[in-house]
Structures are given as C-alpha cells and as structure tokens.
Amino acid sequence: MELNLTEENKFSKQRRAGEDALRRSGLGYTIVRPGPLQEEPGGQRALIFDQGNRISQAISCADVADICVKALHDSTARNKSFDVCYEYVSEEGNELYELVAHLPDKANNYLTPALSVLEKNT
C-alpha cells in the first residue's frame, strides 16, 4: 500500500506525537526506525545506525527483529531513538553526516558500539 503525500504527512505527525509522548512518560524506551522492510535473511550485510530521519535504504525484517531483542538487554539503547538500514555508499558531495556501520554478528554485541555514539533523547 502506497501512501499519498497528505497521508504520509499525517502519519509522520502521528508518529512524532507518539514518540514525544513516550519520551515524556518517564518510562525507559528505545525507538527503532527501520528503513523499508525486506523479507530476506538477516545478518548478511553491514547496518547503518543514525539519528535524524536521514536514511531511506532498506533492511531485512530479521535484522530489525534482532536489533529490537538486543535493545531490550542493552543499557546503551535506553532512552534513544535511531534509524537503521543497510549500509550504502553516498553520492560524492552528498555526505551530510558520518554513518556508523556494523556487521551483525551472532558472536558479539554489535549494538553497544553502534549506539554508544548516538545521543540520548531525554
């Protein structure tokens, strides 16, 4: 289902309002904003973690699920909001920010180093 611009703006406003309410609630939280979801195996490609709604690349549902489970057990993820997608190469001259990329690995916790450079949203 594709959203038209009006529906997309309404959705974005509602999403922001929900996130703001969660931040003000006093509860611990982690807000994960994945790029477009793809049905494919996870753990195959490097991931980009960023803040600021600047990414638009895809990510597998399996990788998002893994990030969410790891975030439940990682204090570095507490009270943070972040975007996540597959690693990609920016167009030359279009490097607006430094991206943090990590290859998912079941043997170690890639989430802690990726999120340690991101700001808390409290």
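Buried here means under 20% relative accessible area, exposed means over 50%, and partly exposed falls in between, with a 1.4 Å probe and protein chains only. Of the 122 residues of the protein chain, 34% count as buried.

This is a predicted model, in which local features need pLDDT of at least 70, side-chain atom pairs count only at pLDDT 80 or more, and totals for chains, interfaces and linings use all residues. Residues are numbered from 1 along each chain as its sequence is written, and side-chain values use heavy atoms, with hydrogens and water left out.

## Overall layout

The protein chain has three helices and six strands. Helices (H or I, at least four residues) and strands (E, at least two) are DSSP runs, numbered from the N terminus. Along the sequence the pattern reads α-β-β-β-β-α-β-β-α. Contact means heavy atoms within 4.5 Å. Among contacts in the protein chain between residues at least 6 apart in sequence, 75% join residues at least 24 apart.

## Strand E5 and its partners

Two strands pair if DSSP finds at least two bridges between them. E5 (residues 80-86) and E3 run antiparallel, joined by four bridges. E1 and E5 run parallel, with five bridges between them. In the E1 pairing, Val32 stands opposite Phe82. In the E3 pairing, Asp50 stands opposite Asp83.

In a regular strand the side chains alternate between the two faces of the sheet. In E1, Ile31 and Arg33 point to one face and are buried. Thr30, Val32 and Pro34 point to the other face and are not buried. Strand E3 (residues 47-50) is covered on both faces. Leu47 and Phe49 are buried on one side, Ile48 and Asp50 on the other.

## Polar contacts of buried residues

A polar contact is a pair of N or O atoms within 3.5 Å; within protein, one must be able to donate a hydrogen and the other to accept it, and residues adjacent in sequence count only if both atoms are side-chain atoms. The table lists side-chain pairs.

| Side-chain pair | Distance |
|---|---|
| Glu19 and Arg33 | 2.8 Å |
| Ser81 and Arg23 | 2.8 Å |
| Asp83 and Arg33 | 3.3 Å |

Glu19 lies in helix H1 (residues 5-24). Glu19 counts as buried because its relative accessibility is 10%. Leaving out residues up to four places away in sequence, Glu19 touches Ile31 and Arg33. The C-alpha atoms of Glu19 and Ile31 are 7.6 Å apart, with the two residues 12 apart in sequence.

Asp83 belongs to strand E5. Its relative accessibility is 3%, so Asp83 counts as buried. Beyond four places in sequence, the residues that Asp83 touches include Arg33, Ile48, Phe49, Asp50 and Gln51.

Ser81 is also found in strand E5. Ser81 is buried because its relative accessible area is 2%. Not counting residues up to four places away in sequence, Ser81 touches Arg23, Tyr29, Ile31, Arg33, Gln51 and Asn121. Ser81 and Asn121 are 40 residues apart along the chain, and their C-alpha atoms are separated by 6.7 Å.

## The second largest pocket

On a 1 Å grid over the protein atoms alone, a pocket is an open set of points where a 1.4 Å probe fits, with protein on both sides within 12 Å along at least five of seven lines; lining residues have an atom within 4 Å of a point. Grid points are joined across faces, edges and corners, and a volume is the space filled by probe spheres set on the points.

The second largest pocket has a volume of about 170 Å³. Strand E1 (30-34) and helix H2 (61-72) are the elements that give two or more residues to its lining. H2 gives the most, with three residues. The lining residues include Thr30, Val32, Cys68, Ala71 and Leu72. By class, the lining has six nonpolar, three polar and two charged residues. Ala, Val, Leu, Ile, Met, Phe, Trp, Tyr, Cys and Pro count as nonpolar, Asp, Glu, Lys and Arg as charged, and the others, Gly among them, as polar.

## Two further sites

Asn79 sits in the loop between H2 and E5. Asn79 is not a glycine, yet has a positive phi of about 60 degrees. Most residues other than glycine have a negative phi. Asn79 is buried, with a relative accessible area of 13%.

Val117 is placed in the segment after helix H3 (111-116). Val117 counts as exposed because its relative accessibility is 56%. Val117 and Phe49 are 68 residues apart in sequence and 9.6 Å apart in space, C-alpha to C-alpha.
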